[in-house]
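Trainee: Could you take me through one part of this structure, the sheet and what lies around it, slowly and in one connected account?

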Amino acid sequence: MVFEPPKRLVRALGETAPDGDDWLEKLPGAAQRAVALRELTVERVQVPGGRSSLVVLVRAADGTPAVLKLAPGRARPEAERAALAHWAGRGAVQLLETTSTEGVLLLERLHPDVSVRSLPEAKALLEAAGTLRRLWVEPPAGFPFETVAERTGRQAEAMRARAQVAPEVAPLVDVALAAREELLAAPPEHRLLHGTFRQSKVLAGERMPWLAVGPDPVVGECAFDLARLVRDRVEDLIAQPSGAATTRRRVKRLAESLDVDQERLRGWTLFRAVESGVRAGRVGRPRDAELLLEFAGWL
């Protein structure tokens, strides 16, 4: 089988590595070797698939359905492996092998085309929040993960640089960076976080109704993790005449349901929306940038 990367993956990797690298060129051969080493039977490449990895639906030698995932080093697949091993299937997809080729994960098969995003909005938020709560555990000793301070520090540098060449975003960037500084001054807890949690990252499973996939794990306060969920379906929020009021109610409802401080959730939601909006503008996605920065302005 020819392991051709989906267009969505090629486009997304082009945004994160504009100068290119050889990972995509080597991907078909790496996939063939990973399949042969594990004696897997390939069913199909998942399309449209993810933005940072090739996802292949396979069966193990004993017929067990599984997922083979290959990701470049910049997507931090070894951090994902460590987080999934620590969660051990509690709220997240389960590893089927704890050690393997670098950048290759063998995972339990969920229902790849059924996420909580398929549910009505209120129900989707409820189910997603319940899944996220199970992931917030003490990180392992000597954890191999970035902290929120480290990750957002890198992001803050990129935001400042963008504001220099796109002065129209500078006011929101200043507000977002000030919020970050205040939030980092006294974090209320340090937990292992999913890092990139949203409705599409929660898939239907067999052993549990819903399980999280695709973490980019980070250690920090829970409000940081929840912030990305607040802006789910942002295009629908922007289209509503009452979008701003709906967003504020969502912040309040999610904060209360997960025992997170409402103001801290608002602050991290603001920072993450501005960061995503600025990054979208930088890589040539002006429509996404416009939506995200308008959303941030409501906060």
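Mentor: Before we begin, a word on terms: contact here means that heavy atoms lie within 4.5 Å, and an angle between two elements is taken between their N-to-C directions, on a scale from 0 to 180 degrees. Please keep in mind that this is a predicted model. With those terms in hand, look at helix α3, residues 77-87, which lies across β3 (65-70) and β4 and runs at about 35° to β4.

The two strands under discussion belong to an open sheet of four strands, set in the order β1-β2-β3-β4, with antiparallel pairing. Because β1 (41-45) and β4 (104-108) stand at the edges and each has a single partner strand, one side of each is left without a neighbour in the sheet. From one strand to the next, the twist averages 30°. If you then turn to β1, you will find that four bridges join β1 to the antiparallel strand β2, residues 54-59, and that V42 stands opposite V58 in β2.

Let us finish with the second largest pocket, which holds about 190 Å³ of space. Among the residues that line this pocket are L70, A71 and V104, while helix α2, residues 23-38, gives the most to the lining, with six residues. Sorted by class, the lining of the second largest pocket has eight nonpolar residues, two polar ones and two charged ones, and R33 and E102 are included in that lining.

Methods:
Residues numbered from 1 in each chain as written. Predicted model: local features only at pLDDT ≥ 70, side-chain atom pairs only at ≥ 80, totals over all residues. Heavy atoms only, no water. 1 Å grid on protein atoms, 1.4 Å probe; cavity = no way out; pocket = protein on both sides within 12 Å on 5 of 7 lines; lining within 4 Å. Points joined across faces, edges and corners; volume = space filled by probe spheres on them. Nonpolar A, V, L, I, M, F, W, Y, C, P; charged D, E, K, R; others polar. Pairing = 2+ DSSP bridges.
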